[in-house]
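Student: I'm new to this structure and would like a close look at one part of it. Could you take me through how its strands are put together, and then show me what lies around them?

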Amino acid sequence: MMGKFGGIILILILLMWCCDTRRTVVEFNLVGASGDKPELTVNGVERNIDVNEAGYAKVTLEQGEHGYGTLKYGKDRIPLFIEEGNDLNIFIYGDNARGNVRFEGNGAPKNRYLNSQIMKNLSFDYELDGTEFLEQLRGQIQERVHFLDTMGFDAAFTEMERNRIKYSTYRALENYPLYHAWSTGNKDYQPDTVYLSCIKNLIKEDEKLLVLKEYQEGMASLVSLISTYHLQEFDAYKQLIAQLDYVANHLTNRTLREFLVDRYIYSYLLGAGIDEHTDDILKIYDLHVKDPALRKRFQECYDRCMKIVPGKPAYNFMFTDIAGQAVKLEDFRGKYLFINVWTTWGVPCRYENIAWEKLEKQFADDNIVFVAVSCDNDRAVWEKRVRENPKGEVQLYMGDDRSFMDFYMIRGIPRFILIAPDGRIINSDMSRPSSPETVKILREYLEEN
């Protein structure tokens, strides 16, 4: 009975969000800020907010721009709920929004709730065994649901929020096996049958919940865990095939299957790019994914990946060195170019930089240039590090323009790129300096010429 009631409530929410044409006004007030512009995303629709000199902006949201959203301000992400007909006034104090935001207006109560301390404080003890960890998650969910129930919100929002709380917490289940192995030192740890049985029971097919980002991410995590736990080593392609097999053989809802197939293959494409498996993967994608919006997004990603396959022209960058002089790709014509995209604050970057320096010395007499490109936000921090630790390689600063990052689809750093003497891409995601394969690859290319 409750299941049917919950389904009716979810349908009512969707009808309210989609059919009500009332406009909603959202006002932004930046107090004591230094210049970052807010970005508002609601239901996948992104808006850059142009505040005036006083830090004020007023935005009128149209039909479809309502529901759960995110306010991006600098490095902070603030959860929001935009409700049709309920205007919202957002105050941000200083340059850090998290902990320094205030809400006023008819839409304020739900946003105060979403940004309350109890809703933000999620921490897990990964040293617990599987059964204890599951109990910990249940406790976290119960505590937050109890807090929700004290708010006195309408039934529709409360029901949707209950599901959002559950599935946002479930994401920790996918992390547990790896984090437990790290924290306990038990590198051979595998989840037991009790843990896996619980995961299976949590996989609920309900396409109405796909409007929730947390349901999307939670289901993707649960299915990924239950389908790949048996793999002994990380292999992105084997993981993808295991995920797709589970979706095809265990899930019955066509919309949910379509969503998960798109998500897993899209993520693989972003990570691995175009490779020897691409043709086979595309056949699976075409079989399951028919939604025009998903296919359009996927095609755009595929087209971007095609621009950075081996043999394509490298991005014609122009960065500045420590003296402020412009350095271009063309300046290295006739030489192999090994690029290291890094930041001063990244721990993996520091680790790889040690191997990077050794690599550069090893190839000092060869026709190859080692170029380190910093994507730090603060040039002064980069300059200080370079002056304190002078290196032999070319040191460049990217600045605010992220076109280079976008072109190579760089989502994590460090990232290494190998360019041929004629300015064409050899490998847009080269093996790391610490890998023994890197020396072999570089030596093979250099000996060919």
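How many bridges join strand β1 to strand β7, and do the two run parallel or antiparallel?

Tutor: Happy to. Keep in mind that this is a predicted model. Strand β1, residues 24-31, and strand β7, residues 88-93, are joined by six bridges, and the two run parallel. To see the pairing residue by residue, find Leu30, whose bridge partner in β7 is Ile92. Glu27 is another good landmark: Asn89 of β7 stands opposite this residue.

Now let's look at β7 itself. Five of its six residues are buried, so this strand is largely enclosed by the rest of the structure. β7 also pairs with β8, this time in the antiparallel sense, over four bridges. Here Asn89 turns up again, standing opposite Glu104 in β8. So you can trace a path from Glu27 to Asn89 and on from Asn89 to Glu104.

Go back to β1 and look at its pairing with β4. Six bridges join β1 to β4, and these two run antiparallel. Phe28 is the residue to find here, as it stands opposite Ala57 in β4.

Put these pairings together and you get an open sheet of four strands, in the order β4-β1-β7-β8, with mixed pairing. At the edges are β4 (56-61) and β8 (101-104), each of which pairs on one side only. From one strand to the next, the twist averages 20 degrees. As general background, the strands of a sheet pair through backbone hydrogen bonds, and this can be done in a parallel or an antiparallel way.

β4 deserves a slower look, since its side chains alternate. Ala57, Val59 and Leu61 point to one face and are buried, whereas Tyr56, Lys58 and Thr60 point to the other face and are not buried. Ala57, then, is on the buried face, and it is also the residue opposite Phe28.

Leu61 leads us on to the packing. This residue belongs to a nonpolar core of 20 residues, separate from the largest one, which also includes Leu40, Leu71 and Ile78. Two of those names take us into another sheet. Leu40 falls within β2, residues 39-42, and Ile78 within β6, residues 76-82.

That other sheet is open as well, with four strands in the order β3-β2-β5-β6 and antiparallel pairing. Its edge strands are β3 (45-48) and β6, and each has a single partner strand, so one side of each is left without a neighbour in the sheet. Neighbouring strands here are turned against each other by 20 degrees on average, direction ignored. β2 and β3 run antiparallel and are joined by four bridges. For a pair to look up, try Thr41, which stands opposite Glu46 in β3.

Now for the surroundings, starting with the largest nonpolar core. This one has 85 residues, and Leu173 and Phe404 touch the most other members. Helix α9, residues 254-272, gives the most to it, with 10 residues. Leaving aside residues up to four places away in sequence, Leu173 touches Phe133, Leu134, Leu137, Tyr195, Ile199, Leu202, Leu222 and Leu225.

Leu222 also helps you place a residue of another kind, Lys200. The C-alpha atoms of Lys200 and Leu222 are separated by 7.8 Å, although the two are 22 residues apart along the chain. Lys200 sits in helix α6, residues 193-202. At 51% relative accessibility, Lys200 counts as exposed, because the cut-off for that is over 50%.

Helix α9 comes up again at the largest cavity, where α9, α10 (278-288) and α11 (292-306) each supply at least two residues of the lining. This cavity holds about 60 Å³ of space. Among the residues that line it are Ile265, Tyr268, Leu269, Ile281, Leu282, Phe298 and Tyr302.

One last stop is the loop between α14 (403-407) and β14 (415-419), where Pro414 is found. The peptide bond from Ile413 to Pro414 is cis, with omega near 5 degrees. Met409 has its place in this loop too, and its phi is near 55 degrees, a positive value in a residue other than glycine. Both details stand out against the general pattern, in which most residues other than glycine have a negative phi and most peptide bonds are trans. At 7% relative accessibility, Met409 counts as buried.

Note on methods. Residues numbered from 1 in each chain as written. Predicted model: local features only at pLDDT ≥ 70, side-chain atom pairs only at ≥ 80, totals over all residues. Heavy atoms only, no water. Core = buried A, V, L, I, M, F, W, Y, C linked by side-chain atoms within 4.5 Å. Buried < 20%, exposed > 50% of the residue type's maximum accessible area, 1.4 Å probe, protein only. Contact = heavy atoms within 4.5 Å. Pairing = 2+ DSSP bridges. Axes fitted to C-alpha atoms, helices over the stretch in contact; angles between N-to-C directions. 1 Å grid on protein atoms, 1.4 Å probe; cavity = no way out; pocket = protein on both sides within 12 Å on 5 of 7 lines; lining within 4 Å. Points joined across faces, edges and corners; volume = space filled by probe spheres on them.
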